[in-house]
Amino acid sequence: QVQLVESGGGLVQPGGSLRLSCTASGSIFSIYAMAWYRQAPGKQRELVAHITSGGTIDYADSVKGRFTISRDSISSDSVVRTVYLQMNSLKSEDTAVYYCNANFAGGYWGQGTQVTVSS
C-alpha cells in the first residue's frame, strides 16, 4: 500500500503561482510513476503532469510552459518520496481539485487539494 498526502492548494489571483507538494509513504518501492491529476466541477478528471521513476516527464498541453513537476532525490533507504507541482501564470480555468497519484489510474490517490484561481 502507498499513502499519498497533498498540501499547498489555496486561492490565488490570475497570473499568480502556487506550489503543490505530495508525499508518498508505505510501499514506495512499488511506485514507477507519480502524477498530478485535476478535476474541475462538472468535468472529468484529467492528467496534468507525470514523472516516471526513470525521470521521464510529460504535461497536458493546457499546462505546458506554465507548470513544472519535480521530485526529491531518493536513495535506497528512503522511506518517503515527495513530488511537487509548481504552477505559474495561473488561469481561472486551472481551478480544480488537484489529486496526487502513484502509478496512474489503477494506482493510489491522495485526498485532493483545492486550487482556486479568481480575482
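Let me begin with overall size: for 119 residues, a compact globule would have a radius of gyration near 14 Å, and this chain has 14 Å, which agrees. I should say at once that what we are looking at is a predicted model, so please hear everything that follows as computed from that model. Along its principal axes, the C-alpha trace spans about 45 × 25 × 20 Å.

As for secondary structure, the chain comes to eleven strands and zero helices, and if you read along the sequence you get the pattern β-β-β-β-β-β-β-β-β-β-β. Of the 119 residues, 43% are buried. If we take the contacts between residues at least 6 apart in sequence, 54% of them join residues at least 24 apart. The chain exposes about 6,100 Å², with carbon and sulfur atoms supplying 49% of that area.

Let me turn now to charge. There are 9 positive and 8 negative side chains, and the centres of these two sets lie 2 Å apart. How many salt bridges does the structure hold? It holds four, and I would like to walk through three pairs among them.

In one of them, arginine 38 pairs with glutamate 46, and the closest N and O atoms are 2.6 Å apart. Is arginine 38 buried or exposed? With a relative accessible area of 6%, arginine 38 is buried, because the cut-off for that class is under 20%. Its partner, glutamate 46, has a relative accessible area of 32% and is therefore partly exposed.

Another pair is arginine 66 with aspartate 94, where the closest N and O atoms come to 2.7 Å apart. This pair links distant parts of the chain, since arginine 66 sits in the loop between strand E6 (57-59) and strand E7 (67-71), while aspartate 94 sits in the loop between strand E8 (80-87) and strand E9 (96-102), the two being 28 residues apart. Both arginine 66 and aspartate 94 are buried. Through salt bridges that share partners, Arg38, Glu46, Arg66 and Asp94 are joined into one network.

The remaining pair I want to show is aspartate 61 with lysine 64, whose closest N and O atoms are 3.2 Å apart. Here aspartate 61 counts as exposed, at 65% relative accessibility, and lysine 64 counts as partly exposed, at 45%.

I will finish with two individual residues on the strands. Threonine 52 is found in strand E5, which covers residues 46-52, and at 19% relative accessibility threonine 52 counts as buried, because the limit for that class is under 20%. Leaving out residues up to four places away in sequence, threonine 52 touches Tyr32, Ala33 and Arg71.

Valine 80, in turn, lies in strand E8, and at 38% relative accessibility valine 80 counts as partly exposed. Which residues is valine 80 in contact with, once its neighbours within four places in sequence are left aside? They are Thr23, Ala24, Ser25, Ile28 and Ile74. For a sense of distance, valine 80 and glycine 112 are 32 residues apart in sequence, and their C-alpha atoms are 19 Å apart in space.

Definitions and conventions. Residues are numbered from 1 along each chain as its sequence is written. This is a predicted model: local features need pLDDT of at least 70, side-chain atom pairs count only at pLDDT 80 or more; totals for chains, interfaces and linings use all residues. Side-chain values use heavy atoms; hydrogens and water are left out. A salt bridge is a side-chain nitrogen of Lys or Arg within 4 Å of a carboxyl oxygen of Asp or Glu. Buried means under 20% relative accessible area, exposed over 50%, partly exposed in between (1.4 Å probe, protein chains only). Helices (H or I, at least four residues) and strands (E, at least two) are DSSP runs, numbered from the N terminus. The radius of gyration is taken over C-alpha atoms; the globule rule is 2.2 Å times the number of residues to the power 0.38. Contact means heavy atoms within 4.5 Å. Accessible areas come from the Shrake-Rupley method with a 1.4 Å probe; for residues, only the protein chains shown count as cover. Lys and Arg count as positive and Asp and Glu as negative; His and the chain ends are not counted. The place of a charge is taken as NZ of Lys, CZ of Arg, CG of Asp or CD of Glu.
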